[in-house]
Amino acid sequence: TYALGLDTGAVENPEPTMAEVSEIFRIFFDAQAKDHAGTPSADRLADELVAAWRQSRASLDALFRQDAGTRNAIDAYSLAHTDIANVNALVAQFRQLSILELQRRINAGRAIAGKTFYYILGSAVLGFLVLTAVIIVLSHSVLEPIGRLIVAADNIGRKDLSYRVILRNKDDELGRLGEVLNTSTKKLQELYQELDRRSTHA
């Protein structure tokens, strides 16, 4: 409307407005640059965007230096409009690049989450296997000797004194208990044999 002379008071001093737009552009550009740092297509696009914005700003400055409603103002408006459209197109490309980058990051996050799930599952299975192995070892080292001691005690209760407890580890408490039981059973067997021998000679 300024270029056509319909609103001559629209921009008496365009500098504050231009500075505000430049600051918005700088914030946008900095955020986009951080997201895409080192990406060749983003670097190229950033360079084009900076150049396009400088050209747009120069076109707008030229527009507002013209008298409103003049042919020069209309020509300057046309040039500024083209330059601003170019900036908008580059911003749209940057947004598209941002969307693609976001999708790539989401997919990478999903892949990491999937791997993490399998690592946790594998760790749980491995932990279960280790626990099972520990239980098996404990059952062989504790429960099996106890079972043999119970069988020995049952045999003594039935007066079968010939049974001896055979344990792999004679150094632990169960092993020593087995040795004591074997020694006691042997002495009892010898006493019974001596009693039988005396009773048959008497």
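A salt bridge is taken here as a side-chain nitrogen of Lys or Arg within 4 Å of a carboxyl oxygen of Asp or Glu. By that criterion the side chains of Glu173 and Arg176 form a salt bridge, with an N to O distance of 3.7 Å. The model under discussion is predicted.

## Overall architecture

The protein chain contains four helices and zero strands. Read from the N terminus, its elements follow the order α-α-α-α. The chain has 202 residues, of which 21% count as buried. About 14,300 Å² of the protein chain is exposed, and carbon and sulfur atoms supply 62% of that area. Among the contacts with a separation of 6 or more, 65% are between residues 24 or more positions apart.

## Nonpolar cores

As background, nonpolar side chains in soluble globular proteins tend to be buried together. The largest nonpolar core of this model has eleven residues: Ala42, Leu45, Ala46, Leu49, Ala52, Trp53, Val87, Leu90, Val91, Phe94 and Leu97. Helix H2 (40-65) and helix H3 (71-157) each contribute at least two residues to this core. H2 provides the largest share, six residues. A second core, separate from this one, has five residues, including Ala152, Val165, Leu167 and Leu174.

## Helix H4 and its packing

Helix H4 covers residues 173-201, 29 residues in all. How does the expected span of H4 compare with the distance between its end C-alpha atoms? At 1.5 Å a residue the helix should span 42 Å, and its end C-alpha atoms are 42 Å apart, so the two values agree.

Within H4, the residues Leu174, Gly175, Gly178, Asn182 and Thr185 are buried. The buried residues of this helix pack against H3. Leu174 thus has two entries in this account: it is among the buried residues of H4, and it is also one of the residues of the second core.

## The loop between H3 and H4

Lys159 is located in the loop that lies between H3 and H4. Most residues other than glycine have a negative phi. Lys159 has a positive phi of about 65°, although it is not a glycine. Is Lys159 buried or exposed? Its relative accessibility is 68%, and because exposed means over 50%, Lys159 counts as exposed.

## A nonpolar surface patch

Nonpolar side chains also occur on the surface of the model: Leu126, Val130, Val134, Leu138, Val142, Leu143, Ile146 and Ile150 form a patch there. Together these residues have about 690 Å² of accessible area. Leu143, one of the patch residues, lies in helix H3. With a relative accessible area of 57%, Leu143 is exposed.

## Salt bridges

The structure holds seven salt bridges. Three of them are listed below with the closest N and O distance and the helix concerned.

| Salt bridge | N to O distance | Helix and separation |
|---|---|---|
| Glu101 and Arg105 | 3.0 Å | H3, four residues apart |
| Glu173 and Arg176 | 3.7 Å | H4, three residues apart |
| Glu194 and Arg197 | 2.3 Å | H4, three residues apart |

Glu101 and Arg105 are separated by about one helical turn because they are four residues apart in helix H3. Their side chains fall into separate accessibility classes: Glu101 counts as buried at 15% relative accessibility, whereas Arg105 is partly exposed, with a relative accessible area of 42%.

Glu173 and Arg176 are likewise separated by about one helical turn, being three residues apart in helix H4. Glu173, at 58% relative accessibility, counts as exposed, while Arg176 is partly exposed at 44% relative accessible area.

Glu194 and Arg197 also lie in helix H4, about one turn of the helix apart. Arg197 is partly exposed, with a relative accessible area of 41%, and Glu194 counts as partly exposed at 26% relative accessibility. Elsewhere, salt bridges that share partners connect Glu101, Arg104 and Arg105 in one network.

Conventions: Residues are numbered from 1 along each chain as its sequence is written. This is a predicted model: local features need pLDDT of at least 70, side-chain atom pairs count only at pLDDT 80 or more; totals for chains, interfaces and linings use all residues. Side-chain values use heavy atoms; hydrogens and water are left out. A nonpolar core is a set of buried Ala, Val, Leu, Ile, Met, Phe, Trp, Tyr and Cys residues joined through side-chain atoms within 4.5 Å. Buried means under 20% relative accessible area, exposed over 50%, partly exposed in between (1.4 Å probe, protein chains only). The expected span of a helix is 1.5 Å times one less than its number of residues. Contact means heavy atoms within 4.5 Å. Patches are made of residues with over 30% relative accessible area and no salt bridge: like charges are joined within 9 Å, nonpolar side chains (Val, Leu, Ile, Met, Phe, Trp, Tyr) within 5 Å. Accessible areas come from the Shrake-Rupley method with a 1.4 Å probe; for residues, only the protein chains shown count as cover.
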